Amino acid sequence: MPGSSESGMRFAITVCAPVTIRGKYFMVMSKAEWRRRRRKKKMIRKYVTLGLLACIFVLVLVLLVKVVTAIFAHMDGGIIEKAGDVKITQSLLSVSRYARCGEKLEAVDEIIIHSNNTVGKTAQEQRDYYESLKTKKNDNERQSMHFIIDLDGKIYQCIPTNEIALAVAGNIKFRSLSIEYCITGADGSMSAATYTSLCKLVATLCQEYKLNEKKVFRHFDKNQVPCPMFFVNEANWEQFKTDVKAARNGKKVSVTNAPINNIVAPHTGDTQEGGEGESGEGSGTGAGTADGQPEGS
Ligand SMILES: [Zn+2]
């Protein structure tokens, strides 16, 4: 309320007081009040700064945790959850020197493709075969794969990606991940679903381990065994690598250019000795140097 300068001075001693100077109305603040308000402002500024810093700290911490988790995801259990939009089913083998030997894979430099050798044989049957090796206890029959892709395109993981698979002789040296697919044709061809999943899985692993198609090999390239038979044909292999590149770049995998066998033949159920493993195993290398010996004996 406007008042005289006298009454204003009286109020000014304590907090603020209205004063009128040359007909104009002012609020005059005491020095103590001015200091109090300055302190308050400083305090608010301090708390706001601290709050912002705390927010930034939490944000950085969350980002750091995410980055570290992403970097060490494959080292922490070595489990791959998805390949593109395809879910991966965990079906880990038990640890034994005959299949999942449990030795650490220090790094992943290469991806190696295999196929099994019985038309219509399922991923589950192939996985069970690897699991059965621990009871056979035959040092010339040590085999396993990181992943098996079924006749219908479902992907199973049998060994964590931070452990070695006994798939290629000398694979410790190769530092590789091995993928085996189930076949639908005697020429080693597969269903369109299997082919698509294979492309997506290889593309996903390439992204995970910062690789490209130049680091994707056939078993044939390593041990000169006809595995996978379908991809020993250079045109099929080149088309596959083109499709992996497309999948890696988020494009749709084309299954029209490769001669894919879509008809799933019934599994004959044969269980002849030495014929259980994927193609090329036991036949091209001889019993004494069976594939799967980690040091390529
Ligand atoms: Zn092979």
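Three short exercises on a predicted model follow, each with a worked solution.

**Exercise 1. The sheet**

Find the strand order in the open sheet, and say which strands stand at the edges.

*Solution.*
- Seven strands form the sheet, in the order 3-4-7-6-8-5-9.
- The pairing is mixed.
- Strand 3 (82-83) and strand 9 (216-218) each have a single partner strand, so one side of each has no neighbour in the sheet.
- Now take strand 9 and strand 5. They run parallel, joined by three bridges.
- I113 has R218 of strand 9 as its bridge partner.

**Exercise 2. Helix 3 against the sheet**

Determine which strands helix 3 lies across, and which of its residues are buried.

*Solution.*
- Helix 3 has 14 residues.
- Its first and last C-alpha are 20 Å apart, close to the 20 Å expected at 1.5 Å a residue.
- The helix lies across strand 6, strand 7 and strand 8, at about 150° to strand 6.
- Apply the burial cut-off: 20 or more other C-beta atoms within 10 Å.
- A123, Q126, R127, Y129, Y130 and L133 of helix 3 are buried.
- These buried residues pack against strand 6, strand 7 and strand 8.
- Just after the helix, K137 takes a positive phi of about 50°.

**Exercise 3. The largest nonpolar core**

Identify the residues that touch the most other core members, then trace the contacts of L201.

*Solution.*
- The core holds 54 residues.
- F147, I149, I179, L201 and V202 touch the most other members.
- Elements giving two or more residues include strand 6 (147-149), strand 8 (176-181) and helix 5 (192-208).
- Helix 5 gives the largest share, eight residues.
- Leave out residues up to four places away in sequence: L201 then touches A83, F147, I149, I155 and I179.

Notes: Residues are numbered from 1 along each chain as its sequence is written. This is a predicted model: local features need pLDDT of at least 70, side-chain atom pairs count only at pLDDT 80 or more; totals for chains, interfaces and linings use all residues. A nonpolar core is a set of buried Ala, Val, Leu, Ile, Met, Phe, Trp, Tyr and Cys residues joined through C-beta atoms within 7 Å. A residue is buried if 20 or more other C-beta atoms lie within 10 Å of its own, exposed if 12 or fewer, and partly exposed in between; C-beta atoms are placed from the backbone. Helices (H or I, at least four residues) and strands (E, at least two) are DSSP runs, numbered from the N terminus. Two residues are in contact if their C-beta atoms, placed from the backbone, lie within 7 Å. Two strands pair if DSSP finds at least two bridges between them. Axes are lines fitted to C-alpha atoms, for helices over the stretch in contact, and angles run from 0 to 180 degrees between N-to-C directions. The expected span of a helix is 1.5 Å times one less than its number of residues.
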